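Here's a quick walk through how this one is put together. Have the structure open and follow along.

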Protein chains: 2
Amino acid sequence: MAGSDSYLLERRARLLGPNVPTFYKNPVHLVKGEGVWLWDAEGRKYLDCYNNVPHVGHCNPRVVEAIHRQASALNTHTRYLHEGMLDYIERLTATMHSDLTTAVMTCTGSEANDIALRMAEVVTGRRGIIATDATYHGNTALVSQLSRSNVPEGGFGLSEYFRHIKAPDSYRDADPDGSLFADAVAEKIAELEKSSHGFAALIVCPFFLNEGFPTQVEGWLKPAEEVVRKAGGLLICDEVQSGFGRIGSHFWAYERQAVRPDIVVLGKPMANGHPVGAVVSSLEIMTTFRNGFRYFNTFGGNPVSCAAAMAVLEELQEQQLMSNAQTVGEYALDRLRELQKKYECIGDVRGNGLVFGAEFVLDKETMEPASEFADTIVNAMRHKGVLLSKLGRYKNTLKIRPPMPFSIENATLLFDTLEEVLAIHEIRR
Amino acid sequence: MAGSDSYLLERRARLLGPNVPTFYKNPVHLVKGEGVWLWDAEGRKYLDCYNNVPHVGHCNPRVVEAIHRQASALNTHTRYLHEGMLDYIERLTATMHSDLTTAVMTCTGSEANDIALRMAEVVTGRRGIIATDATYHGNTALVSQLSRSNVPEGGFGLSEYFRHIKAPDSYRDADPDGSLFADAVAEKIAELEKSSHGFAALIVCPFFLNEGFPTQVEGWLKPAEEVVRKAGGLLICDEVQSGFGRIGSHFWAYERQAVRPDIVVLGKPMANGHPVGAVVSSLEIMTTFRNGFRYFNTFGGNPVSCAAAMAVLEELQEQQLMSNAQTVGEYALDRLRELQKKYECIGDVRGNGLVFGAEFVLDKETMEPASEFADTIVNAMRHKGVLLSKLGRYKNTLKIRPPMPFSIENATLLFDTLEEVLAIHEIRR
């Protein structure tokens, strides 16, 4: 590690406190980004195969220009009239199913999920929320409780109206048509209905990205949606990670699931890193929410945020980045499948569009997770100039989720490097 | 109202839902800002006497340039190393009392208050929070409950561990040294201690801005702080509105109160409208929080946000804007006091630095609030090209809180216009 980096780590400990995570055993000190590339302080270039927030590429000129132009003209809150937010919401909701016509703009996906749960509460008059046990929906006091790993030690525990179901896992627990998942949802609904809380909503990432993006047929979530509807609950789709064309085949992952969410939550890639999020719903749900709660967000929907978000939509369309995600994603899966045939350590290969990865196991028969090995590979890749990460219940699945302009050429470099690294590092049992 | 404005209102209703507030009977359609000036779509110029978010002036060139420069170079999250956030936190905490050395960067003051309450919980092992009954601390599901007006009709009501005390009101309820306020805090602490929740923290804006910024001697909050300390609770100062030199005499309003908050919460003006907030605490409190909760904020502390926030600190210092606030604030109070002598409708005049206002009453003897009259004045001022608002328990107090470069000349225009408007509009009982 460079001396300057250990000085930065010392400053972090002093100014941020302990346990503020960095990536990699030797954290990367970044100074510059452009497209799918990042540079560190020593001028070393990295291929970014991880970051989904700079959706249309690091420092995308159209987005930077939009921010600069609008920040130079006007930046204020939404108690004055301004076209920016209205134009954006019109264009955004035009990409969604016909009931989804209104939005609340926020600054983060966390704020958006925090609103979505309140919408479910005020619309249904009930409070019970169901989520998977390997999910993440943000960092507010309310929604952080949806992540089981976020419950503080010695704290007050989970709110009693949250219920968790086992996350889908296409590699280890077959559920080909989603009916077992639907059964699990039904069981938790029955439990909530017996309690004083009742059942308000199921909240899921429709691509189950944090859960390790299991392989699913189109419409896999439909049985669960039916169970939710029958119980008079809402379906909240958290598209913070899966949306905006990421999965290649559809602009929203809920479309691939063939469901019609009542509420869609957006964040991270929405404005390429500028802090923007949103909750989208029908006018009916929005009306109930707006009549029930007085909600105002000072920065939410400001003209600069909306200009940045609009530039992302324009860039996605003009550069045909969804179709790029589809093409490059197919190539990536082919390469991963080849590696799987060659290497005993790759138990499963999964992905859609520009989210893909491989699950490392110690043995293909027993499927025993190779978590440490995954860590070794991630760190070895970083030293070869390729940034990626891992995720999943066993932290043994490569998480590859690059900016959307990621090309076949970039993917070739990624997989050539991965093959090199796999050839060097042998799994030791 | 221009036809285009009613079209924008129709679009707002359709795309945002009902009850999304705008200012003024005829909302203003803004297109441009510069310094203390705003322009509408028809080219009309307004003196901005209201907006505190564009702290160093609308479209401040230094801030715009900092955003543009950093957005062009790199914008990413804090799991990589970067100097931006560390440099900023170092410079920010250097302005605060010696225990306050660490920070969590967020995107909004709401997110920051949401963290502050969790810090109080994990540090004390208790949950009870005390706030005033006329305050506002943000919009998350948790902190929105601190505002009594935000509790939904037909919803689930206030969390049982929040307690509200009557907001200070120097005009109607004398409490010259803050001892009555301290007594009220002590009473609620006793109540919480008898419950299962215990007492965790008192959260206040140390300038009581939403409460109508009562006139207070320096150190008025000290008796309440002593009561909090004796009970082993924390003092959280929400400086979202009162900080960054706004009150003229001190950089932080808690300094004028001569207290040493355990936690300071920041937001709105911090980066001149770019979505940035922060929670500042001692390393000890931060360590307990970081060990108790896994907190990560994707956009929080990103290099662009930190560059914008740093530019605000630099601009404040180089333009000596705190001292400007002090000078112009004194002139403003003089002008308000002259008006008070002349007009029966002005019951009280209050303020410090660049937050000031006048309380309208129907009768100086009875102090009966003139809420409708205040509304008339605010709207008449808007039509004369001066933007301000009203606040307080009775919504009868002018809220004047301009960007910090507001000059004596600007204040002269404001008060000359106010005098014109007062001369035209007679109070009708």
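The notes below go from the pairing of the chains to the sheets and then to the helices.

## Two copies, one axis

Keep in mind that this is a predicted model. Chain A lands on chain B after a rotation of 180 degrees with 0.0 Å of shift along the axis, and the RMSD is 0.0 Å. The two copies are thus related as by a two-fold rotation axis. If you want a landmark for that axis in chain A, go to His68(A): its C-alpha is the nearest one, 2.8 Å away.

## Where the chains meet

How many residues does each chain bring to the contact? Chain A puts in 79 residues and chain B 80. On the chain A side, the elements giving two or more residues are helices H1 (3–16), H2 (61–73), H3 (83–93), H4 (109–124) and H8 (283–292), along with strands E1 (30–34) and E4 (102–106). Sorted by class, that side of chain A has 37 nonpolar, 27 polar and 15 charged residues.

Now for the match between the two sides. Of the interface residues of chain A, 100% are also interface residues in chain B, so the copies meet through the same surface.

## The four-stranded sheet of chain B

Over in chain B, 4 strands make an open sheet with mixed pairing, in the order E1-E2-E3-E13. Its edges are E1 (30–34) and E13 (386–387), each of which pairs on one side only.

Start at the E1(B) end: E1(B) and E2(B) (residues 37–40) run antiparallel and are joined by 4 bridges. Glu34(B) has Trp37(B) as its bridge partner in E2(B). The hairpin of these two strands has 2 residues between them, and Gly35(B) there takes a positive phi near 60 degrees. At the other end, E3(B) (residues 45–48) runs parallel to E13(B), with 2 bridges between them. Asp48(B) is partnered there with Leu387(B) of E13(B).

## The seven-stranded sheet of chain A

Chain A has an open sheet of 7 strands, also with mixed pairing. Reading across, the order is E4-E10-E9-E8-E7-E5-E6. E4(A) and E6(A) (162–165) stand at the edges with a single partner strand each, so one side of each has no neighbour in the sheet. On average, and ignoring direction, neighbouring strands are turned by 20 degrees against each other.

At the E4(A) edge, 5 bridges tie that strand to E10(A) (residues 277–281), and the two run antiparallel. Thr102(A) sits opposite Ser281(A) of E10(A). Towards the other edge, helix H5(A) (residues 179–194) lies across E5(A) (128–132), E6(A) and E7(A) (199–204), and runs at about 160 degrees to E6(A).

## A helix pair in chain B

Which way do H10(B) and H12(B) run, roughly parallel or roughly antiparallel? H10(B) (residues 321–342) and H12(B) (residues 408–424) pack at an angle of about 15 degrees, with axes 10 Å apart. They are therefore roughly parallel to each other, and their crossing is right-handed.

H10(B) makes the contact with Val328(B), Tyr331(B), Ala332(B), Arg335(B) and Leu339(B), while H12(B) uses Ile408(B), Ala411(B), Phe415(B), Leu418(B), Glu419(B) and Leu422(B). By class, the residues of this contact come to 9 nonpolar, no polar and 2 charged.

Terms used
Residues are numbered from 1 along each chain as its sequence is written. Chains are lettered from A and ligands numbered from 1 in the order in which they are written. This is a predicted model: local features need pLDDT of at least 70, side-chain atom pairs count only at pLDDT 80 or more; totals for chains, interfaces and linings use all residues. Axes are lines fitted to C-alpha atoms, for helices over the stretch in contact, and angles run from 0 to 180 degrees between N-to-C directions. Angles under 35 degrees count as roughly parallel, over 145 as roughly antiparallel, 65 to 115 as roughly perpendicular and the rest as oblique. A crossing is left-handed if the near helix is turned anticlockwise from the far one by less than a right angle, and right-handed if clockwise. Two residues are in contact if their C-beta atoms, placed from the backbone, lie within 7 Å. Ala, Val, Leu, Ile, Met, Phe, Trp, Tyr, Cys and Pro count as nonpolar, Asp, Glu, Lys and Arg as charged, and the others, Gly among them, as polar. Two strands pair if DSSP finds at least two bridges between them. Copies are superposed by least squares on the C-alpha atoms of residues with pLDDT of at least 70 in both.
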